[in-house]
Amino acid sequence: MSAADAAAGRPATRATTPRASAVPAKAYISWVALALMTTSSVASLRPSPTMAMYGLAAVFLYVVPGIVFLLPTALVSAELASGWTGGVYNWVSQGLSKPLGFLAVWCQFAMTIFYYPSLLGYVASTLAYVFNPALAANGLWTALVIMVCYWAGVYISSQGTKSVAGLSSAGLIIGTLVPGALLVILGAIFLGEGNPSAAPMDASHLLPAWAGIASLVLIVNNFLSYSGMEMNAVHVSSLRNPSREFPRAMFLAMGLVLIIFILPALAIAWVVPAQQLSLTAGVMQAFDAVLSEFGANWLTPVIGIALVTASLGGMLTWLAGPSKGLLLISRQEGYLPPFLQRLNKHGVQQNILVTQGIVTTVIALLYAFIPDVSSAYWIFSVITTQVYLIVYLLLFVAAVRLRRTQPDHPRGYRAPILLPLCVVGFLASIAALLIGFVPPSQFSGGGVGVYVAVVASGVILIGLLVPFLFYRMRKPSWKSPDAAATAEE
């Protein structure tokens with residue numbers, strides 16, 4: 001659906017008329033598939049063992065960030081997407097300015113640069129646990145898994161949104177919902193047989209023990225567990241009735257995310273004592289411990305393969321979303337060179353994905369073969385997380401501005417108490433941004449000043465300087481004549 005159609009209130013089904021161009025006819029996805037894509041990009045079982053160590057307090061540690069960050073993000077994104085197609089770049093462009101819209105979509109895209117090696121490094125260690133745990137420390141194994149999985153993801157993403165929606169939804173079901181449900185069922189059976197819970201489940205343990213700034217870091221870091229809820233709004237035009245179906249997808253995703261984060265963590269806490277949980281072995285060790293209680297350790301490799309499936313599904317979602325947003329605004333405004341704007345026969349931004357893949361491959365090789373790169377890579381991950389928070393700051397401000405400057409613009413959904421929601425979400429994002437400058441206990445590269453200087457320099461370089469240079473170097477000839485048609489796909 002085009003922006004003109006949205007403004008006139010015309011139904012999205014009119015966009016199905018084929019155009020005589022290289023862009024293929026539109027393939028719609030269901031709102032349930034979009035909800036599963038969104039859930040896949042946000043939720044996973046990876047943090048479950050870590051949060052299980054806090055027992056019943058895990059509920060508090062997830063619900064509070066859910067209220068102050070997840071809820072505002074989901075509701076505000078639902079309103080914006082039901083009124084303006086194109087995702088965060090169009091929302092910020094309409095609400096604030098086009099340069100800030102480019103900044104928002106760049107920051108969303110830049111975050112993924114270090115996300116893929118981290119996620120696929122987890123995939124490598126999980127697969128190693130399935131075949132041979134000793135491989136987890138093998139740099140060649142890690143590098144090969146990262147590169148093979150990423151480039152396979154690029155190929156799948158290049159086949160179009162419908163392929164990504166199907167595979168990411170399948171990955172979520174096979175690798176997150178089914179294993180998570182298994183954990184909860186086994187935990188319930190464990191308690192039903194009369195076994196005491198390994199972690200206290202009484203009201204006095206609902207709140208985590210207060211440990212000063214460390215407690216604040218723990219709570220605020222969980223804000224970022226919910227990042228990505230807005231990312232799949234770029235696919236809103238792939239829905240048959242965006243104004244009705246996108247809010248439904250957001251609410252379903254929000255419920256699934258909370259369930260996936262909270263219930264499996266509690267199930268592990270019921271069965272496995274906190275002192276037996278390993279943060280390095282992670283979720284595979286937790287599954288093995290739970291399954292051993294029922295003599296079903298033979299299922300551990302099967303669970304490992306399922307978890308890998310979920311991670312790869314999440315990667316596909318992140319590949320498809322931010323890069324498409326960057327493509328659309330770049331074609332409309334000429335922010336990227338024509339080479340990076342080219343589409344393949346399926347209308348997918350393959351050159352952007354390939355260019356990013358080259359960077360990902362280099363990072364993977366360095367991360368795998370140079371020991372000292374691990375700590376540096378970890379700092380880069382912190383920097384890109386900080387960069388991503390810029391997106392949320394711009395999103396909440398843009399939503400308030402759009403409600404005031406375009407109050408009569410057609411919206412399929414209007415978020416209740418929008419201003420308070422945006423204020424809460426903005427303050428939560430600021431808190432997360434500030435906490436990111438607090439050195440963790442693992443940092444041994446110098447004092448607080450060194451850490452703050454490194455992170456701040458990285459944020460300025462990746463989040464501000466690079467998009468500024470692209471903006472300054474843009475040329476009128478870089479604009480694509482069929483940008484409006486591309487934006488409808």
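Residues are termed buried here when their relative accessible area is under 20%. By this criterion, buried residues account for 54% of the 489 residues in the chain. The structure is a predicted model, and its secondary structure comprises 19 helices and zero strands. Of the contacts in the chain that link residues at least 6 apart in sequence, 82% connect residues at least 24 apart.

The largest nonpolar core contains 140 residues. Within this core, Val 76, Leu 80, Val 123, Met 229 and Leu 307 are the members that touch the most others. When residues up to four places away in sequence are set aside, Leu 80 touches Trp 91, Leu 395, Ala 399 and Leu 402. Of these partners, Trp 91 is one of the buried residues of helix α5. Helix α5, which spans residues 88–95, is mostly covered, with seven of its eight residues buried. In addition to Trp 91, the buried set of α5 consists of Val 88, Tyr 89, Asn 90, Val 92, Ser 93 and Gly 95.

Two helix pairs were examined for their packing geometry. In the first pair, helix α2 (residues 31–42) and helix α11 (residues 242–271) have axes that come within 8 Å and cross at roughly 40°. Angles under 35 degrees count as roughly parallel, and α2 and α11 are therefore classed as oblique to each other. The crossing of α2 past α11 is right-handed. On the α2 side, the contact involves Trp 31, Leu 34, Ala 35, Leu 36, Thr 38, Thr 39 and Val 42. These residues meet Glu 245, Phe 246, Arg 248, Ala 249, Met 250, Leu 252, Ala 253, Leu 256, Val 257, Ile 260 and Phe 261 of α11. By class, the residues in the contact of α2 with α11 comprise 14 nonpolar, two polar and two charged.

Thr 39, located in helix α2, illustrates this contact at the level of a single residue. Thr 39 has a relative accessibility of 0% and therefore counts as buried. Leaving aside neighbours within four places in sequence, Thr 39 is in contact with Ala 253, Leu 256, Val 257 and Ile 260, as well as with Leu 172. The four partners Ala 253, Leu 256, Val 257 and Ile 260 are also listed among the α11 residues that meet α2. Residues three or four places apart in an α-helix point the same way, because the helix has 3.6 residues a turn. A further pairing across the sequence links Thr 39 and Thr 176, which are 137 residues apart along the chain, with a C-alpha separation of 9.9 Å.

In the second pair, the axes of helix α6 (residues 98–110) and helix α18 (residues 448–473) come within 10 Å and cross at roughly 125°. Since angles over 145 degrees would count as roughly antiparallel, α6 and α18 are likewise oblique to each other. The passage of α6 across α18 is right-handed. Helix α6 contributes Pro 99, Phe 102, Leu 103, Trp 106, Cys 107 and Ala 110 to the contact, whereas α18 contributes Ile 462, Gly 463, Leu 464, Val 466, Pro 467, Phe 470 and Tyr 471. The contact of α6 with α18 has 12 nonpolar residues, one polar residue and no charged residues.

Attention then turns to the region around helix α17, which spans residues 418–435. Ala 432 is situated in this helix and, with a relative accessibility of 5%, counts as buried. Beyond its neighbours up to four places away in sequence, Ala 432 touches Val 220, Phe 223, Gln 386 and Leu 389. Ala 432 and Ile 219 are 213 residues apart in sequence, yet their C-alpha atoms are 9.3 Å apart in space.

The loops on either side of α17 were also considered. Ile 417 lies in the loop between α16 (373–405) and α17. Its phi angle is near 40°, a positive value in a residue other than glycine. Ile 417 has a relative accessibility of 62% and so counts as exposed. Pro 439, in turn, is found in the loop between α17 and α18. The relative accessible area of Pro 439 is 24%, and Pro 439 is therefore partly exposed. Not counting residues up to four places away in sequence, Pro 439 touches Val 448 and Tyr 451. The C-alpha atoms of Pro 439 and Val 452 are separated by 7.8 Å, with these positions 13 residues apart along the chain as the sequence offset.

Terms used: Residues are numbered from 1 along each chain as its sequence is written. This is a predicted model: local features need pLDDT of at least 70, side-chain atom pairs count only at pLDDT 80 or more; totals for chains, interfaces and linings use all residues. Side-chain values use heavy atoms; hydrogens and water are left out. Axes are lines fitted to C-alpha atoms, for helices over the stretch in contact, and angles run from 0 to 180 degrees between N-to-C directions. Helices (H or I, at least four residues) and strands (E, at least two) are DSSP runs, numbered from the N terminus. Angles under 35 degrees count as roughly parallel, over 145 as roughly antiparallel, 65 to 115 as roughly perpendicular and the rest as oblique. A crossing is left-handed if the near helix is turned anticlockwise from the far one by less than a right angle, and right-handed if clockwise. Contact means heavy atoms within 4.5 Å. Ala, Val, Leu, Ile, Met, Phe, Trp, Tyr, Cys and Pro count as nonpolar, Asp, Glu, Lys and Arg as charged, and the others, Gly among them, as polar. Buried means under 20% relative accessible area, exposed over 50%, partly exposed in between (1.4 Å probe, protein chains only). A nonpolar core is a set of buried Ala, Val, Leu, Ile, Met, Phe, Trp, Tyr and Cys residues joined through side-chain atoms within 4.5 Å.
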